[in-house]
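Subject: Handing over the structure

Dear colleague,

I am passing this structure on to you, and the sequence and coordinates follow directly below. After them I have set out what was found, in the order in which I would look at it myself.

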Amino acid sequence: MRFSVLTLFPELIETVARTSITGRAIKNGRIELETIQIRDFAVNAYGQVDDSLYGGGTGMLLRPEPVYQAWLAATGQAGLSEVTHHPEKTRTIFLSPKGRVLNQTIVEELAACPHVILICGHYEGIDQRVLDTVVDEDLSIGDYVLTGGEIAATVLIDAISRLVPGVLPDQSAHEQESHSLGRLEHPQYTRPATWMGQNVPEILLSGHQAKIDRFQYLASLKDTLVKRPDLFNQLQLSAAEYQELIEFTCQDQNPLV
Ligand SMILES: C[S@@+](CC[C@H](N)C(=O)[O-])C[C@H]1O[C@@H](n2cnc3c(N)ncnc32)[C@H](O)[C@@H]1O
């Protein structure tokens, strides 16, 4: 799995991605990261990469030429006379507040792609013509506006990397986690068994794995219902499971609210 990030601030990407679990994954070759400095492809000797807006408006926009040259470098097509704008096995993503809002399903789709190119805008963004030429999809990390696409790119790199085989020590770990099965993960506990008068649910200390699994499944459904009713409404539960959930939430130890 390879990530190429086109950015004016490679240090932002490098600092975050080369830390902790993703950092280890880069070191041991599970994932590959290259950052491409858009300014290396500036339109003049002053390092210019942006310009004022046609049609008026405040702020500066990244010009198409440097972004295009950086993208050609990322796809290994710099200097070629014939260029493929949507190369096979490569997906070009523009991080943008206008894009489809990122979720675990999109992350899973991208994890299956061998080469992901992430284009980070800055200032007012990027000239539309180069985006129309090379981008496969715009992705947003939420309905708010950041100053640049770098933080969004690191979010994507992190979320995708943990699905790449060998990146997490226990590959099945992410299958249990929130959003993987359309619901939230059950609450988790560690030692001590009693803390500030609060006990860990007794069943977790019983050693009875089948009962623990059922408890955790119901606790996961309850958490989803309380914290993300929108997700809960999409779950296809049987009548028996609804009944079991109602009984579970009525138990003293697990009140619904
Ligand atoms: C200040 S923003 C530009 C916003 C743009 N003028 C607009 O109104 O749609 C600069 C850059 O930050 C990145 N960005 C901002 N918000 C984002 C978000 N929610 N998700 C992903 N990238 C974002 C994009 O790369 C964008 O080009």
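In which loop is the place of Pro192? Pro192 belongs to the loop between α7 (173-176) and β8 (194-195), and please keep in mind here, as throughout, that this is a predicted model. The peptide bond that joins Arg191 and Pro192 is cis, with an omega of about 5°. Another backbone feature is found at Tyr123, which has a positive phi of about 55° although it is not a glycine, and which is placed in the loop between β6 (115-120) and α5 (128-134).

As for the overall layout, the protein is divided into domain 1, covering 2-161, and domain 2, covering 187-250. The centres of domain 1 and domain 2, when taken over C-alpha atoms, are separated by 40 Å.

The other findings concern the ligand, and the space that the ligand takes is the largest pocket. There are 20 residues around the ligand, and of these Leu95, Gly121, Glu124, Tyr144 and Leu146 come nearest. By type, the shell around the ligand divides into 10 nonpolar, 8 polar and 2 charged residues. Among the elements that contribute to this shell, β5 (90-101) and β7 (137-140) each supply at least two residues, and it is β5 that gives the largest share, with 5 residues.

Which backbone atoms lie opposite nitrogen atoms of the ligand, and at what distances? A polar backbone atom of Ile141 is 3.1 Å from a nitrogen atom of the ligand, while for Gly142 a backbone N or O atom lies 3.0 Å from a nitrogen atom of the ligand. At Gly148, by contrast, the ligand atom concerned is an oxygen, and a backbone N or O atom of Gly148 lies 3.5 Å from that oxygen atom. Taken alone, the ligand exposes 590 Å², of which the protein buries 84%.

If you would like a place to begin, I suggest opening the view on the ligand and finding Ile141, Gly142 and Gly148, whose backbone atoms make the contacts described above, before turning to the cis peptide bond between Arg191 and Pro192.

With best regards

Note on methods. Residues numbered from 1 in each chain as written. Predicted model: local features only at pLDDT ≥ 70, side-chain atom pairs only at ≥ 80, totals over all residues. Heavy atoms only, no water. Near = heavy atom within 4 Å. Polar contact = N/O pair within 3.5 Å; in protein donor to acceptor, adjacent residues only side chain to side chain. Areas by Shrake-Rupley, 256 points an atom, 1.4 Å probe, with all protein chains shown as cover. 1 Å grid on protein atoms, 1.4 Å probe; cavity = no way out; pocket = protein on both sides within 12 Å on 5 of 7 lines; lining within 4 Å. Sits in = over half its atoms within 2 Å of the grid points. Helix = DSSP H or I, 4+ residues; strand = E, 2+ residues; numbered from the N terminus. Nonpolar A, V, L, I, M, F, W, Y, C, P; charged D, E, K, R; others polar. Domains from an automatic or database assignment.
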